[in-house]
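Here is a walk through one protein model and its ligand. Keep the structure in view and follow along.

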Amino acid sequence: MKNAARTTIVVSTVIIVISAILLSNALGQRPSRPGTDRQGDSQLEKPPIAKDDNEKRIFGVLENILRSQSYRNVPPQDGRFLRIMTESMNAKNVIEIGTSTGYSGIWFGMALQKTGGKLTTYEIDAQRAATARDNFKKAGMADVITLVEGDAHEEVKKLKSPIDILFLDADKEGYIDYLDKLLPLVRPGGLVIAHNINPRMADPKYMEAITTNPNLETIVRSEVSLTLKKR
Ligand SMILES: C[S@@+](CC[C@H](N)C(=O)[O-])C[C@H]1O[C@@H](n2cnc3c(N)ncnc32)[C@H](O)[C@@H]1O
């Protein structure tokens with residue numbers, strides 16, 4: 001094929017793709033990020049409905065984080081999932097590795113306000129930690145959430161209390177180290193939830209550890225692994 005013809009094809013393809021994105025944005029149907037509309041889930045779900053003014057305010061803070069802060073956070077579906085798990089388990093002690101700006105932390109916090117529990121969340125990046133603290137304050141969760149700034153690989157060694165839910169959402173190659181250090185603290189019947197569990201990002205060592213241990217039951221759904229520590 002001649003160079004000019006090839007260039008025309010490439011340019012046309014780029015124009016078509018950009019037009020499709022602009023059109024779907026204009027229609028209010030932003031193309032989903034990977035992992036945000038799995039198997040058409042969002043066609044079946046509806047946005048969360050605030051039960052009272054407190055929830056309304058918290059949803060406002062969450063909305064604002066997504067709109068104005070361009071960091072990598074879990075998608076809203078996963079935040080809702082974390083809240084449901086935490087509240088339904090009546091979890092009292094949740095540990096999160098990877099706070100970022102606090103988006104998933106606020107979903108946990110919403111549940112923990114109801115269960116009377118606490119979240120301890122770890123962030124290595126000072127700027128993100130500062131933004132997260134600010135978001136937690138705006139969400140009225142300063143007393144429910146403790147943010148530990150520093151390298152979680154070191155900091156978690158100080159933990160002693162039984163854990164109801166351990167949520168891993170930081171350095172993917174570090175998941176195995178977090179599991180080794182914290183699985184002994186996860187209570188029987190507790191959960192280890194890990195994010196970005198897909199063939200491209202999941203660490204084979206972590207997958208091996210959570211899928212071959214007879215004391216654990218693991219499923220992977222929509223890039224989230226859910227591991228039960230059996231009783
Ligand atoms: C994907 S983001 C977490 C998103 C967050 N869970 C949410 O949904 O809002 C991963 C975060 O882990 C942090 N991180 C990476 N390695 C870490 C470590 N060793 N200790 C603590 N935090 C770490 C990164 O700085 C980043 O902010």
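Start at the ligand. This is a predicted model. Three elements each give at least two residues to the shell around the ligand: α5 (103–115), β2 (118–123) and α7 (152–155). The shell holds 21 residues, and G98, S100, Y103, S104 and A152 come nearest. What is the make-up of this shell by class? It has 6 nonpolar, 8 polar and 7 charged residues.

Now turn to the sheet. It is open and has 7 strands. Read across it, and the order is β3-β2-β1-β4-β5-β7-β6. The pairing is mixed. Which strands stand at the edges? They are β3 (145–149) and β6 (216–221). Each has a single partner strand, so one side of each is left without a neighbour in the sheet. Neighbouring strands are turned by 15 degrees against each other on average, direction ignored.

Look at one pair within the sheet. Strand β1 covers residues 93–97. β1 and β2 pair in the parallel sense, over 5 bridges. I95 has its bridge partner in β2, and that partner is T120. Helix α5 packs on this sheet and touches β1, β2 and β3. The direction of α5 makes about 170 degrees with that of β2. Both α5 and β2 also supply residues to the ligand shell, as noted above.

Y103 leads to another helix. The C-alpha atoms of E63 and Y103 are separated by 9.4 Å, although the two residues are 40 apart along the chain. E63 belongs to helix α3, which spans residues 53–68. Is E63 buried or exposed? E63 counts as exposed, because it has 12 C-beta neighbours inside 10 Å, and a residue with 12 or fewer falls in that class.

Finish at the loop between β6 and β7 (224–229), where S222 is found. E223 lies in this loop too. Most residues other than glycine have a negative phi. Phi of S222, however, is positive, near 50 degrees. Phi of E223 is also positive, near 65 degrees. How do their surroundings compare? S222 has 16 other C-beta atoms within 10 Å, so it is partly exposed. E223 has 21 other C-beta atoms within 10 Å, and it is therefore buried. The cut-off for buried is 20 or more.

Technical notes:
Residues are numbered from 1 along each chain as its sequence is written. This is a predicted model: local features need pLDDT of at least 70, side-chain atom pairs count only at pLDDT 80 or more; totals for chains, interfaces and linings use all residues. A residue is near a molecule or strand if its C-beta atom, placed from the backbone, lies within 6 Å of it. Helices (H or I, at least four residues) and strands (E, at least two) are DSSP runs, numbered from the N terminus. Ala, Val, Leu, Ile, Met, Phe, Trp, Tyr, Cys and Pro count as nonpolar, Asp, Glu, Lys and Arg as charged, and the others, Gly among them, as polar. Two strands pair if DSSP finds at least two bridges between them. Axes are lines fitted to C-alpha atoms, for helices over the stretch in contact, and angles run from 0 to 180 degrees between N-to-C directions. Two residues are in contact if their C-beta atoms, placed from the backbone, lie within 7 Å.
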